[in-house]
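Q: Please take a close look at one part of the model shown here, the surroundings of the ligand and the elements that share residues or loops with them. How are these elements arranged?

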Amino acid sequence: MEITPFLQRELPEPLYSQLYHWIKKEIEEGRLLPGMKMPSIRQLTAHLEVSRNTVESAYQQLQSEGYLESVPKSGIWVAEIEKPLLHPIELKHPVMPECKPSSDVRVDFEYGNVDLDKFPLKQWKKCLSDAVGQENNWLFEYSEKQGESALKREISNYLLQSRGVRSTPEQILITAGTQTSMALICRLLALREQTVAIEEPGYIGVRSVIEDEGCYIDPVPLEKDGLSVEHVERSRAKAVYVTPSHQFPFGMILSISKRMRLLKWAYQTGGYIIEDDYDGEFRYQGQPIPSLKSLDEEEKVIYLGTFSKSFLPSVRLSYIIFPPSLMDQYSRNFAVYNQSVSPIIQRAMALFMQSGEFERHIRRMRKMYQRKHQTLLKSIEQHMGTKVKIIGEKSGLHILLQLKGISTIELIEKGLQKGVKAYSPIRFWLNPPPEGNSYIMLGFGGLSIDEIEKGVRLLASCLPETGD
Ligand SMILES: Cc1ncc(COP(=O)(O)O)c(C=O)c1O
């Protein structure tokens, strides 16, 4: 078969990436069908007049994501892709056995859930009811465009105390989730067809938005103390998205020297740093880590916050702190955009914060999550010993385990048979390395202490006898 993709050398996107995207689209849209034989690397190299490396890298990526299959002595073939898997997230990586009906699952280490037992439901309901009870005109109207002033004042006070962020309420834009925040930022900074650097691996929820907004992604490798700033300095990135207080999903903290160097990069190049402080409240050892924004002296950090971890994901409440000049630009460029979060939810949250309930809730939750986290680490030590390595163990609502002698898929499958569900972090890589298949991710926010212990015991019983 001959294929003729349209490759443009003048684009900043590398040729291998253009070729990869082209073939992937052809397969997804059914123009290249399962069982079709692809041209060999040599043939395609000659046909497209590109380097062998270009074709090899594109093919390798497509193979690791399951689009192509290499059969020794036979060639490279379009792989079978089941229709229901044609979903943007599942598409990218080999199919993980994560979709077994949850009725058989007794312990689910799903990431993203929060503790419901200690949730102050009564107080929250009262705030909701009080918000609706304040029968003023606002109840019958749209929200203030950038968010309710009462809530923005509360957020501004809270961030100063808890995260060292200095901001005025006027710099705050209320949004309905971090993805909404990211899409708005891409449009405001005109990042379409520009390069955005992101951590590799990193949060797929944000990466997908950046891709969908038409940006080129520059995946930045991680080092022990966070992303490689050297890589950012060499990139053409106009913006960099980071999770400095608790890297997602690996959990390391961006070191102070890297923070200063990243800020210097932004000051010198005019690039922006987009700081996602999604779970900065939950640190269990050592001092709280101040935000990167608190070090920013030239207004180059855009700060993203969310109530999804600190409160509830279902309120769909998050916010952006813009540098003042960008906020002015936002008000001008997006003057007709309505606020997407209900003013009722915003007012209720403002009341919840004013009453001191939010702070109490955070303190209670931090203690609660700390207990769960300790239980998780202890149970792993006790039941898994040296068969696994714990990664990112000081904060947040999840950890990673590096496995020995068993692959992620095998462990997930075995775990499901025993009623415990663990997750693969493979989709957080844009270009998954082979060792990406030796981690599992355990979210523990929504599990009880008993469930955590039981889940670890069950998983441990699936590990091979000697992991070394
Ligand atoms: C890195 C990161 N940022 C942000 C969020 C929260 O996103 P949202 O505000 O859309 O709930 C999550 C949730 O899983 C996350 O892992």
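The account below begins with the ligand and works outward.

A: This is a predicted model, in which local features require pLDDT of at least 70 and side-chain atom pairs pLDDT 80 or more, while totals for chains, interfaces and linings use all residues. Residues are numbered from 1 along each chain as its sequence is written.

The ligand is surrounded by 14 residues, and the closest are G177, T178, Y278, T306 and S308 (C-beta, placed from the backbone, within 6 Å). By class, this shell holds nine polar residues, four nonpolar ones and one charged one (nonpolar: Ala, Val, Leu, Ile, Met, Phe, Trp, Tyr, Cys and Pro; charged: Asp, Glu, Lys and Arg; polar: the others, Gly among them).

T178, one of the closest residues to the ligand, also belongs to helix α7, which spans residues 178-188 (helices are DSSP runs of H or I, at least four residues, and strands are runs of E, at least two, numbered from the N terminus). Helix α7 packs against helix α8 (residues 204-212), with the axes 9 Å apart and at an angle of about 30° (axes are fitted to C-alpha atoms, for helices over the stretch in contact; angles between N-to-C directions run from 0 to 180 degrees). The two helices, α7 and α8, are therefore roughly parallel to each other (under 35 degrees; over 145 is roughly antiparallel, 65 to 115 roughly perpendicular, the rest oblique). The crossing of α7 and α8 is right-handed (the near helix is turned clockwise from the far one by less than a right angle; anticlockwise is left-handed).

On the α7 side, T178, Q179, M182, A183 and C186 face G205, V206, V209 and I210 of α8 (contact: C-beta atoms, placed from the backbone, within 7 Å). This contact of α7 with α8 comprises six nonpolar residues and three polar ones, with no charged residues. T178 thus appears both in the contact with α8 and among the closest residues to the ligand.

From α8, the chain can be followed back to strand β5, since P201 lies in the loop between β5 and α8. P201 is joined to E200 by a cis peptide bond, with omega about 0°. E200 is also the last residue of β5, which covers residues 195-200.

Strand β5 is part of an open sheet of eight strands, ordered β4-β11-β10-β9-β8-β5-β6-β7, with mixed pairing (strands pair if DSSP finds at least two bridges between them). Its edge strands are β4 (172-175) and β7 (226-227), each of which pairs on one side only. In general, strands of a sheet pair through backbone hydrogen bonds, either parallel or antiparallel. Strand β5 and strand β8 (residues 239-242) pair in the parallel sense over three bridges, and A197 stands opposite V240 in β8.

A further cis peptide bond joins F248 and P249, with omega about 5°. P249 is placed in the loop between β8 and helix α10 (256-269). Both strands of the parallel β5 and β8 pair therefore border a loop that holds a cis-linked proline: P201 in the loop between β5 and α8, and P249 in the loop between β8 and α10.

Technical notes. Contact = placed C-beta atoms within 7 Å.
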